[in-house]
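Trainee: I'd like a close look at one spot in this model, with the rest of the fold brought in around it. Here's what I have on screen.

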Amino acid sequence: MRFSFTTPSIPKAGAYVTLFGNGQTLSEPAASADNMLNGAVSRGLVAFGNTGKKGECIDLPTGKDLGYQRLIALSIGKPDDFDVLDAQNLGGELFSRLSNSGVSQVTIDCTPPKGSAIADEIIASEIAFGMKLASYRFNKYRSKEDNKGRASLNSVRMQLKNNKEARKLFASNDKIADGVHIARDLLEEPPNILYPESFASRCLELRELGVEVQVITDKNMAKLGMGALLGVAQGSARPARMVIMRWRGRKGVKQPLVLVGKGVTFDTGGISIKPAGGMEDMKYDMGGAAAVVGTMAAIAGRKAKADVVGVIGLVENMPSANAQRPGDIVKTMSGQTVEVINTDAEGRLVLADAIWHAQKKFNPSAIIDLATLTGAIIISLGSVHAGMFSNNDDLAQKLDSAGRASGETVWRMPLNNAYDKQLSSSVADMKNVGGREAGSITAAQFIQRFVTNNTPWAHLDIAGVAWTNQAKPTTPKGGVGFGVRLLDRLIAQDYES
Ligand code: BES
Ligand code: MN
Ligand code: ZN
């Protein structure tokens, strides 16, 4: 889909979208079309009971006289209550309405209705962002196309006075959307195609964007002493990998921001095997790693002035003759030992070594880890917020605010030493599970043991938000790419010079 930004003019083909506000008269182009169509637009508003609520529209075929084929008068709701996320959603819904409806071109008049809380260049760049996010499809494994033989939308023309500014704003949104799409591609790929080594190869592609990428093999991880991560990987025929990515968009930074992702390319549970029903979902157990890769692509794509490191631990959790057993004791890179009570609590074992390594190597100013870590967080927060655990109020506040601004929201959960006794083991430094109670919190307490020197740290449990079975305006069904918009916003807000 191509996006262009130009000054307003009546189009000669395709669909024409103009905006109006709740309780307001139609925009000038819509009013003139209404005239030509003998009042069909205003009659339509009444006949369809359109009250001008956010997202409501009148979508009419137009005669030859108007030049274009379809007029859409689209309401932004109460103009003083129309924000950036509303604009994105409007764009997403517009894409769904038009993508397979027979028009290949849409022209959107982004002139803001009277009293609009946001300016035309924001409206244009955010509607375009929403359209691009909504346009994501994962069709590479379909042998037949399914477009009902209709033309599909391929040209989006945004029209506004400040088109130069809009083009500039969209240039960066465009790269963020690319990052989201990269994360979605990784989530959607089947686990026979995407396994630790092939995932690492995908990461190498980021070099084209100027990201430094280093792959650590299983042999080298063994030398580094990553016994916890390798214990998870040992049941799989696929060797583990760790990938380190760095975007140095700002020179002279001594302490980069470090992002760490759980990359379990498939989680059978291991010997503590999961039930068959729905097990296919566990291909998205690499959602944390996907978010890190997508974020690196987004910030490199838009040349963010920040120094950010991404570290992902890639393993496949399988049962086999070589698999680790409940009762095994593994030694983490930190030296702490763990009694593996349940081989399905593997994510924290992967994160323990990835976080430790990242800290030793990079002396981070802050660490944020993302992981599809616990089913319990889905019980707590559903698919609305990611769970956030943090040892630092300032970092937690920054993430909260980036979440609200990006629409990828987090909800802070508690950390407390009182939960630690659930992790005591009689034979090792700790167990890898803390029992039924407070499952997401004991997982976070476990991870905290691998954060040193009070480094500001936040853990995002994204098990409930990494995948969606229900399409949303800017998120089709499937892999969400959760975390890319959130982290990109955090970096833009708080880590760019
Ligand atoms: N990958 C799962 C968590 C998960 C569940 C992610 C559902 C996405 C959707 C994780 O490795 C896991 O199996 N967690 C266990 C931990 C338990 C054994 C302590 C869980 O949540 O049941
Ligand atoms: Mn598991
Ligand atoms: Zn898992």
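Trainee: How does K54 count by relative accessible area: buried, partly exposed or exposed?

Mentor: K54 is partly exposed, at 36% relative accessible area (buried is under 20%, exposed over 50% and partly exposed in between, with a 1.4 Å probe and protein chains only). Before we go on, this is a predicted model, in which local features need pLDDT of at least 70 and side-chain atom pairs count only at pLDDT 80 or more, while totals for chains, interfaces and linings use all residues. Residues are numbered from 1 along each chain as its sequence is written, chains are lettered from A and ligands numbered from 1 in the order written, and side-chain values use heavy atoms, with hydrogens and water left out.

Now the partner. K54 and D81 meet through their side chains in a salt bridge, 3.3 Å from N to O (that is, a side-chain nitrogen of Lys or Arg within 4 Å of a carboxyl oxygen of Asp or Glu). The two residues are 27 apart in sequence and link distant parts of the chain: K54 sits in the loop between helix 2 (40–47) and strand 3, D81 in the loop between strand 4 and helix 3 (84–98). Helices here are DSSP runs of H or I with at least four residues, strands are E runs of at least two, and both are numbered from the N terminus. D81 is also partly exposed, at 46%. D86 comes in as well, since K54, D81 and D86 are linked in a network of salt bridges.

Stay with strands 3 and 4 for a moment. The loop between strand 3 (57–61) and strand 4 (70–75) holds G63, which is partly exposed at 35%. Apart from neighbours within four places in sequence, G63 is in contact with L37 and Y68 (contact means heavy atoms within 4.5 Å). Between G63 and F82 there are 32 Å from C-alpha to C-alpha, for 19 residues in sequence.

How does that bridge sit among the others? The whole structure has 24 salt bridges. One of them joins D307 and R246 at 2.8 Å, N to O; D307 is in strand 10 (residues 307–317) and R246 in strand 8 (residues 241–248), 61 residues apart. D307 and R246 are both buried, whereas K54 is partly exposed. Another pairs D394 with K398, with the closest N and O atoms 3.0 Å apart. D394 and K398 are four residues apart in helix 12 (residues 393–406), so about one helical turn separates them.

Zooming out, K54 falls within the range of domain 1 (2–159), and domain 2 covers 177–494 (bounds from an automatic or database domain assignment). Their centres, taken over C-alpha atoms, are 39 Å apart. Across the boundary, 16 residues of domain 1 are in contact with 19 of domain 2. The two domains bury about 1400 Å² between them, 64% of it on carbon and sulfur atoms (buried area being the accessible area, 1.4 Å probe, lost on putting two parts together, summed over both). On the domain 1 side, L133, Y136 and F138 lose the most area to domain 2, together 44% of what that side buries. Two salt bridges run between the domains.

Last stop, the metals. K262 (NZ), D267 (OD), D285 (OD) and E346 (OE) coordinate the zinc ion (ligand 3) at 2.0 to 2.4 Å; donors are N, O and S atoms within 2.8 Å of the metal (3.2 Å for Na, K and Ca), and sites may look incomplete because water is not among the atoms. D267 bridges this zinc ion and the manganese ion (ligand 2), which lie 3.2 Å apart. D267 is in strand 9 (residues 257–267) and D285 in the loop between strand 9 and helix 9 (287–301), 18 residues apart. D267 is buried at 3%, and D285 is buried at 3% too. The manganese ion (ligand 2) takes its donors from D267 (OD), D344 (O), D344 (OD) and E346 (OE), at 2.0 to 2.2 Å. D344 is partly exposed, with a relative accessible area of 22%.
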